[in-house]
Amino acid sequence: MRAISLRDKHLIESALRRNTQLHLYELGDLDDFFWDHTTWYADDSLREIVLIYNGANPPVLLALTDDPAQMRTLLHATRPLLPKNFYAHLSDELVDVFADDYEIEHHGLHLKMSFTAPHKVNAVNTHEAFNLTSNNLDEIKALYEVSYPGNWFDARMLETGMFFGVGREKKLVSIGGVHVYSPHYRVAALGNITTHPDHRGQGLAMISTAKLCQELRQHVDHIGLNVLANNVSAVACYKKLGFEEVARYGEYMLVKKTSEVLKTSEV
């Protein structure tokens, strides 16, 4: 099999829509807001799709599938085309495709969750939540530095208007936002959700996230999120808000092996 480079949005969307919930992030990245940062590869049948999102550092590879055997073949074909270092979202045991060429650091089993019970967020009192914009950037960064160090936050996403916060004593202490948002493709993926350590256990993340979902429902048909499988409190919170698990996958950091390491491994 050869890897086909794709730039036809209609063909890509058609393939991804076979499982919208699994491919929520990829569908969102078809939006003009993200499109210029994307590279797409497909197999000959255009059933399996690999996305490389170059708007992050390092780039992020998404290879999620209902057919691991077919995706494995596509990943083998794309290996010569991939960056030296990248972060990856991979279904099942597909990471071993890269074992010969990359140092692999496992970042945990993750759940994909889909918003399936809107009535649950409507039952949450969200009067405390307020909209966050670029004017709040400094306090948003300060909150992430304390409560969510190392998270991936693209300040451009504030332009969507889909970030909401809760304050205490005139300070932002909880926030919920989006990683992906596309009214055109009718999809959104939640992200950058956190609460200051001094204010956890009060249900503040539930308030900000519920408000976010209430607003998103006016613009999109599908809402989802990714969460570490062992983050018990977060998973419980999302279930209370009407999310349910739809898939599992692994996240990994891959760093190209040096020639010296490759020679050693061959001995």
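**Reading a helix, two cysteines and two pockets**

By class, 24 nonpolar, 19 polar and four charged residues make up the lining of the largest pocket. The model is a predicted one.

Colleague: Let me start with that pocket. What volume does the largest pocket have, and which residues lie nearest its centre?

Modeller: Its volume is about 1,500 Å³. Of the 47 residues that line the largest pocket, Tyr-148, His-179, Asn-192, Ile-193 and Asn-226 lie nearest its centre.

Colleague: And how is the lining of the second largest pocket divided by class?

Modeller: There we find four nonpolar, three polar and five charged residues. Arg-18, Arg-47 and Glu-48 are among the lining residues, and the space in this pocket is about 170 Å³.

Colleague: Now helices. Which residues of H6 are buried, and why do they line one face?

Modeller: Here is the general idea: an α-helix has 3.6 residues a turn, so residues three or four places apart point the same way. In H6, residues 137-147, the buried ones are Ile-140, Leu-143, Tyr-144 and Ser-147. Seen down the axis, they fall within an arc of 95°, so they line one face of the helix. They pack against strands S9 (171-182) and S10 (187-195). The face turned away from this buried side carries Asp-138 and Glu-145, both exposed.

Colleague: Last one: how many disulfides are there in the whole structure?

Modeller: A disulfide is a covalent bond between the sulfur atoms of two cysteines. The search finds zero here. For Cys-213, the closest cysteine sulfur is in Cys-237, 9.6 Å away, which is too far for a bond. Cys-213 is buried at 0% relative accessibility, and Cys-237 is buried at 15%.

How values were computed: Residues numbered from 1 in each chain as written. Predicted model: local features only at pLDDT ≥ 70, side-chain atom pairs only at ≥ 80, totals over all residues. Heavy atoms only, no water. Buried < 20%, exposed > 50% of the residue type's maximum accessible area, 1.4 Å probe, protein only. Helix = DSSP H or I, 4+ residues; strand = E, 2+ residues; numbered from the N terminus. Arc of directions from axis to C-beta. Contact = heavy atoms within 4.5 Å. Disulfide = S-S within 2.5 Å. 1 Å grid on protein atoms, 1.4 Å probe; cavity = no way out; pocket = protein on both sides within 12 Å on 5 of 7 lines; lining within 4 Å. Points joined across faces, edges and corners; volume = space filled by probe spheres on them. Nonpolar A, V, L, I, M, F, W, Y, C, P; charged D, E, K, R; others polar.
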